[in-house]
Amino acid sequence: MKNIPRLNFAHLPTHVEELPRLTTLLNGPRILVKRDDQTGLAFGGNKTRKLEFLIAEAQEQGADLLISGGALQSNHCRQTAAAAARYGFDCTLVLTGDAPSQPSANLLLDQMFGAEIVTVADRKDRDRILQKTFDNALKADRKPYLVPYGGSSPTGAMGYAFAMQEFINQHFKVDWIVFGTSSGGTHAGLVLGQRVFGFKGKVLGISIDEPEAQLKAHVSALASQASEKLGERINFTPDDVLANEEYCQAGYGVFGEGEREAIKLFASNEGLLLDPVYTGRAAAGMIDLIRKGFFKKNETVLFWHTGGQPALFADKYSQDLL
Ligand SMILES: *Cc1c(COP(=O)(O)O)cnc(C)c1O
C-alpha cells in the first residue's frame with residue numbers, strides 16, 4: 001500500500017457502544033453506535049478524519065490559505081476553520097445564506113477560529129463565488145488550497161477508507177452500517193475500505209439531500225478515484241453502492257417530524273445527541289426501516305454517528321427541537 005500523507009490529530013479509534021434501551025424500545029435488531037461525533041477537533045464529527053489527509057496535502061503543496069464552502073451551518077466549514085487555526089493557515093469560507101446579525105452555533109465558531117466569511121445569497125452562485133475567491137487569492141500572491149465541499153475529494157475519502165479498517169479491527173460482528181450521506185466522501189471511503197479491508201456486512205447510506213441514482217453514481221466514481229491512492233485502481237459501479245433516498249424529500253436542512261422524533265428518542269433513551277441536519281435524518285431513516293421490518297431481528301445494525309451536534313444550538317433549529 002502506498003504511503004499517503006496524513007496528520008494525526010483525530011481521537012482514534014472512536015468508541016463503539018451498545019444502544020440497549022433503543023434496541024428494546026424499537027423491538028428490532030441490536031443497535032450499536034460508532035462515536036465519530038467524538039473524533040476531536042472543535043467538537044468532532046466525520047470531517048476530522050478527512051481533514052487529517054486534506055491538511056497534510058495542503059501542507060505538502062505549500063499552501064497558506066484554506067478556502068472552502070458550504071451551508072451557513074456547515075459542520076465541515078467549522079472543522080476546516082478549526083484545522084486552519086491549529087495548523088497556521090488563514091481560512092476563507094463561502095457560505096450560502098443571509099448572514100444573521102447575531103451568528104449562532106457553527107457560524108459563530110467559524111468566526112471564533114478566525115475564518116473570513118463570504119456569504120452568497122443564492123446557492124446556485126456558490127460554485128462561481130468559491131472559484132472567484134480562489135482566483136483572487138492567487139492574484140494576491142497567496143497560496144490557496146481548495147478544500148472541496150464536505151471534504152469529499154479522493155484525498156478526503158481516505159479518512160473513511162481507514163475508518164473502515166479501524167472498525168474491522170475493533171471486532172464487532174455487524175450486519176449493517178447505517179449513516180447519513182451527502183457530499184459522498186464518507187460513503188465512498190467506507191465502500192472502498194469495505195472492499196480493500198474485507199468488511200462482510202452491508203454499508204447503507206441514508207441520503208440527506210440527493211436522489212439515489214445521482215448519489216450512487218457520484219459515490220462509486222469517488223470510491224474508484226480514491227482507490228488509486230491506495231495503489232491499485234478498483235472500478236466501482238453504482239450497483240456496488242447501497243443508498244436510500246426515502247428520507248430526503250423535504251430538502252437539505254429542512255427539519256421535520258422524523259428528525260425531531262429521532263433526536264428525542266436518542267436523547268431521552270440513551271443520553272446521546274444527534275444533529276438536526278444529518279444524523280437526525282439518518283437515524284429517522286434507520287428507525288423507520290426498523291419499524292418496517294427491513295432489518296432482521298437477529299441482525300446487528302451499527303449507526304455510524306457522524307457528528308454535527310453544534311447545529312442543535314443554531315437559532316434555525318433550536319426552537320423546533322422540543
Ligand atoms: C458532512 C456531514 C455528513 C455527510 O458526510 P459526507 O461525507 O459529506 O457525505 C454527515 N453527518 C454530518 C454531521 C456531517 O457534518
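Me: A strand is a DSSP run of E with at least two residues, and strands are numbered from the N terminus. With that in mind, where in this predicted model does P13 lie?

Reply: P13 lies in the segment before strand 1, which spans 16–18. The peptide bond that leads from L12 to P13 is cis, with omega near -5°.

Me: What makes the backbone of A42 worth a remark, and where is its place?

Reply: Phi of A42 is near 55°, which is a positive value in a residue other than glycine. As for its place, A42 is in the loop between strand 2 (30–35) and helix 2.

Me: Why can the approach of K47 to the ligand be called a polar contact?

Reply: A polar contact needs a pair of N or O atoms within 3.5 Å. A polar side-chain atom of K47 lies 2.9 Å from an oxygen atom of the ligand, and this distance is within the limit, so the pair qualifies.

Me: How do you know whether the backbone of S182 and that of G185 pass or fail the same test?

Reply: A backbone N or O atom of S182 lies 2.7 Å from an oxygen atom of the ligand, while for G185 the corresponding backbone distance is 3.4 Å. Both values are within 3.5 Å, and therefore both pairs count as polar contacts. Of the 380 Å² of accessible area that the ligand has on its own, the protein covers 98%.

Me: Which elements give two or more residues to the shell around the ligand, and which domains does this shell draw on?

Reply: The elements are helix 2 (47–60), strand 7 (176–181) and helix 7 (185–197). At least three residues come from each of domain 1 (16–46 + 152–318) and domain 2 (47–151).

Me: What is the make-up of the shell by class, and which residues come nearest to the ligand?

Reply: The shell has one nonpolar, 13 polar and two charged residues, where glycine is counted as polar. Of the 16 residues around the ligand, K47, K50, S183, T186 and T306 come nearest.

Methods:
Residues are numbered from 1 along each chain as its sequence is written. This is a predicted model: local features need pLDDT of at least 70, side-chain atom pairs count only at pLDDT 80 or more; totals for chains, interfaces and linings use all residues. Side-chain values use heavy atoms; hydrogens and water are left out. A residue is near a molecule or strand if one of its heavy atoms lies within 4 Å of it. A polar contact is a pair of N or O atoms within 3.5 Å; within protein, one must be able to donate a hydrogen and the other to accept it, and residues adjacent in sequence count only if both atoms are side-chain atoms. Accessible areas come from the Shrake-Rupley method with a 1.4 Å probe; for residues, only the protein chains shown count as cover. Helices (H or I, at least four residues) and strands (E, at least two) are DSSP runs, numbered from the N terminus. Domain bounds come from an automatic or database domain assignment.
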